Amino acid sequence: GAPSDASPSAGRPRPPVPRRPHHGGGFQGQRGPSQQQQQQQQYQVTEYNELDLEEQLQRDRHEQVVQIERDTREVHAAYQEVQGLVAAQQQGLDQAEGHIDHATDKVGDGVDELVEARRYQAKARKKMCVLITILAVIIAVIVIVIVVMKSDDKKN
């Protein structure tokens, strides 16, 4: 059909359709354009429709390119957002790793101190046994001395 004012080509002037004077070809009494004129008009309408179609295709392609550009910007923005989140999480992971390393060092130090405390405890136990033995020997010597002195006192 003919394009309306709302069509994309409304601003473009329509090519003129040449009007030829009627030469009276064909049957007597026939009015209107001859077959050749009709074909020429049909050709011009077809040519005009093809131009409209080409313009519409170009507009569609342009809209698709613009949409791809928008989509690309959205993907880029999403990528940057994800990259920011990953960077923030990486910082948190690095901090956690630092805390874990610090805790591991402290646990290792604690294990070393427990081993050393066990050694000290074993040495202290040995010293205690030696002291108790020495004390028992001293007490035994004192008891023997007292018993011997009492028996000497009884003899005298």
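1. Is D94 buried, partly exposed or exposed? In this predicted model, D94 has a relative accessible area of 42% and is therefore partly exposed, since that class covers the values between under 20%, which is buried, and over 50%, which is exposed. D94 belongs to helix α1, which runs over residues 35–155.

2. The surroundings of D94 deserve a look for their charge. Together with E97, D101, D105, D109, D112, E113 and E116, D94 forms a patch of negative charge on the surface. The 42% relative accessible area of D94 is over the 30% that a residue needs, along with the absence of a salt bridge, if it is to be part of such a patch.

3. A search of the whole structure returns two salt bridges, and they can be taken in turn. In one of them, the side chains of E55 and R59 come together at 3.6 Å, taken from N to O, a value that lies within the 4 Å cut-off for a salt bridge. Both E55 and R59 sit in helix α1, where they are four residues apart, or about one turn of the helix. As for accessibility, E55 is partly exposed because its relative value is 22%, and R59 is likewise partly exposed because its relative value is 28%.

4. The side chains of E69 and R73 make a salt bridge with an N to O distance of 2.6 Å. Because E69 and R73 are four residues apart in helix α1, about one helical turn separates them. With a relative accessibility of 39%, E69 counts as partly exposed, whereas R73, at 55%, counts as exposed.

5. On the annotation side, an unreviewed UniProt entry lists residues 128–149 as "transmembrane region", and a reader should bear in mind that annotations of this kind may be inferred rather than shown by experiment. In the model, the span of residues 128–149 is 100% helix and 0% strand, and its end C-alpha atoms lie 31 Å apart.

6. A further point concerns a nonpolar patch on the surface, of about 530 Å², to which V130, L131, I134, I138, I142 and I146 contribute. One of these residues, I146, is placed in helix α1, and its relative accessible area of 43% makes I146 partly exposed. That 43% for I146 is also over the 30% of relative accessible area required of patch residues.

Note on methods: Residues are numbered from 1 along each chain as its sequence is written. This is a predicted model: local features need pLDDT of at least 70, side-chain atom pairs count only at pLDDT 80 or more; totals for chains, interfaces and linings use all residues. Side-chain values use heavy atoms; hydrogens and water are left out. Patches are made of residues with over 30% relative accessible area and no salt bridge: like charges are joined within 9 Å, nonpolar side chains (Val, Leu, Ile, Met, Phe, Trp, Tyr) within 5 Å. Accessible areas come from the Shrake-Rupley method with a 1.4 Å probe; for residues, only the protein chains shown count as cover. Lys and Arg count as positive and Asp and Glu as negative; His and the chain ends are not counted. The place of a charge is taken as NZ of Lys, CZ of Arg, CG of Asp or CD of Glu. Helices (H or I, at least four residues) and strands (E, at least two) are DSSP runs, numbered from the N terminus. Buried means under 20% relative accessible area, exposed over 50%, partly exposed in between (1.4 Å probe, protein chains only).
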